[in-house]
Amino acid sequence: MMKTIGIIGGMGPLATVDLYSRIVKRTKAQRDQDHIHVIIDSNTNIPDRTKAILGGGDDPTIELIKSAQRLEQAGADFLIMPCNTAHFFIDKIKESVNISFINMVEETVKHTFNKYGKDTVVGLMATDGTIKSKIYENYYNDIGIKTVIPEKTQEKIMKFIYDVIKSGNYEEGTDLFFECVNELKDMGAQAFLLGCTELSSAQYLYKIEGPYINPMEVITESSIIYAGGKLN
């Protein structure tokens with residue numbers, strides 16, 4: 001019998017939809033009953049994680065813990081969370097429940113090592129909160145992978161995340177995204193971490209191809225395997 005996945009969602013809603021869609025599409029199934037039972041709490045009351053990390057926003061852990069506990073009570077066997085920045089608070093959430101929690105950041109770093117090797121240079125594209133907290137930098141440093149972060153275009157990638165993807169202004173296109181990519185290339189990056197789930201969604205939306213590390217894809221595969229399903 002397969003395990004039930006619990007998704008702490010709403011950060012943002014599009015990323016939550018994309019994750020569920022990926023789980024369905026990547027699960028090998030010939031009938032409804034071959035798919036994995038998924039419970040989603042799209043909790044849009046969770047305060048902005050970046051503002052909280054930077055010191056100017058409400059604490060999101062109260063709502064994150066509510067979501068985790070709701071999912072556990074509803075029958076989830078383990079949790080996943082399609083928000084990179086929210087993983088800054090993962091330890092507090094894990095302490096509040098009695099079920100497993102797959103760490104998307106940790107799984108993504110392992111995937112990077114397995115696919116690109118230790119000698120690759122990873123350009124980090126993420127929110128200010130994720131960059132400042134060094135969530136990914138610390139994990140990458142632990143396994144010896146060098147990272148670079150935007151110096152001139154961090155403001156532009158934030159604008160792309162918030163004003164284009166989160167706001168649904170998709171017609172604005174990808175200029176801001178690729179300005180950041182080009183700066184990171186000039187800094188020596190050989191692969192690019194889409195370290196915000198809005199950036200993962202943007203890859204699907206705009207069909208962006210290249211050496212991009214997509215945590216949404218990583219957590220999709222990890223959760224299907226952990227649940228006992230088969231990959232397409």
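**Close-up views of a cavity, a pocket and buried residues**

**View 1. The largest cavity is lined by 14 residues, of which Arg49, Cys83, Thr85, Thr127 and Cys196 lie nearest its centre.** The model is predicted, and local features need pLDDT of at least 70, side-chain atom pairs count only at pLDDT 80 or more, while totals for chains, interfaces and linings use all residues. Residues are numbered from 1 along each chain as its sequence is written, and side-chain values use heavy atoms, leaving out hydrogens and water. A cavity is a set of points on a 1 Å grid over the protein atoms alone where a 1.4 Å probe fits but cannot get out, and lining residues have an atom within 4 Å of a point. The structure holds one cavity of 30 Å³ or more. The largest cavity has about 80 Å³ of space, a volume being the space filled by probe spheres set on the points, joined across faces, edges and corners. Helix H2 (49-54), helix H8 (154-166) and helix H10 (197-206) each supply at least two lining residues of this cavity. The largest share, three residues, comes from H8. Helices (H or I, at least four residues) and strands (E, at least two) are DSSP runs numbered from the N terminus.

**View 2. The largest pocket holds about 190 Å³ of space.** A pocket is an open set of points with protein on both sides within 12 Å along at least five of seven lines. Its lining consists of His111, Lys115, Tyr116, Gln203, Gly210, Tyr212, Asn214, Glu217, Val218, Glu221, Ser222 and Ile225. Helix H5 (104-116) and helix H11 (215-227) are the elements that give two or more residues to this lining. H11 gives the most, with five residues.

**View 3. Helix H5 has its buried residues on the same side.** Met104, Val105, Thr108, Val109 and Thr112 are the buried residues of H5, where buried means under 20% relative accessible area and exposed over 50%, with partly exposed in between (1.4 Å probe, protein chains only). These residues cover an arc of only 135° around the axis, so they sit on the same side of H5. The arc is taken from the directions from the helix axis to the C-beta atoms. Covering the buried residues of H5 are, among others, strand E5 (121-125), helix H7 (135-142), strand E7 (191-194), H10, strand E8 (212-213) and H11; contact means heavy atoms within 4.5 Å. The 13 residues of H5 should span 18 Å at 1.5 Å a residue, and its end C-alpha atoms are 18 Å apart, which agrees. The expected span is 1.5 Å times one less than the number of residues.

**View 4. Helix H1 (residues 13-26) has one buried face.** Ala15, Thr16, Asp18, Leu19, Ile23 and Arg26 are buried in H1. Seen down the axis, the buried residues of H1 fall within an arc of 165°, so they line one face of the helix. They pack against strand E1 (5-9), strand E2 (38-42), strand E3 (78-80), H10 and H11. The face of H1 turned away from its buried side carries the exposed residues Val17 and Lys25. For the 14 residues of H1, the expected 20 Å agrees with the 20 Å between its end C-alpha atoms.

**View 5. Glu63 and Thr147 are shown with their contacts.** Glu63 lies in helix H3 (residues 61-74) and counts as buried because its relative accessibility is 15%. Not counting residues up to four places away in sequence, Glu63 touches Asn43, Asn45, Ile46 and Pro47. Thr147 is in strand E6 (residues 146-148) and, at 15% relative accessibility, counts as buried. Leaving out residues up to four places away in sequence, Thr147 touches Val122, Leu124, Glu137 and Tyr140.
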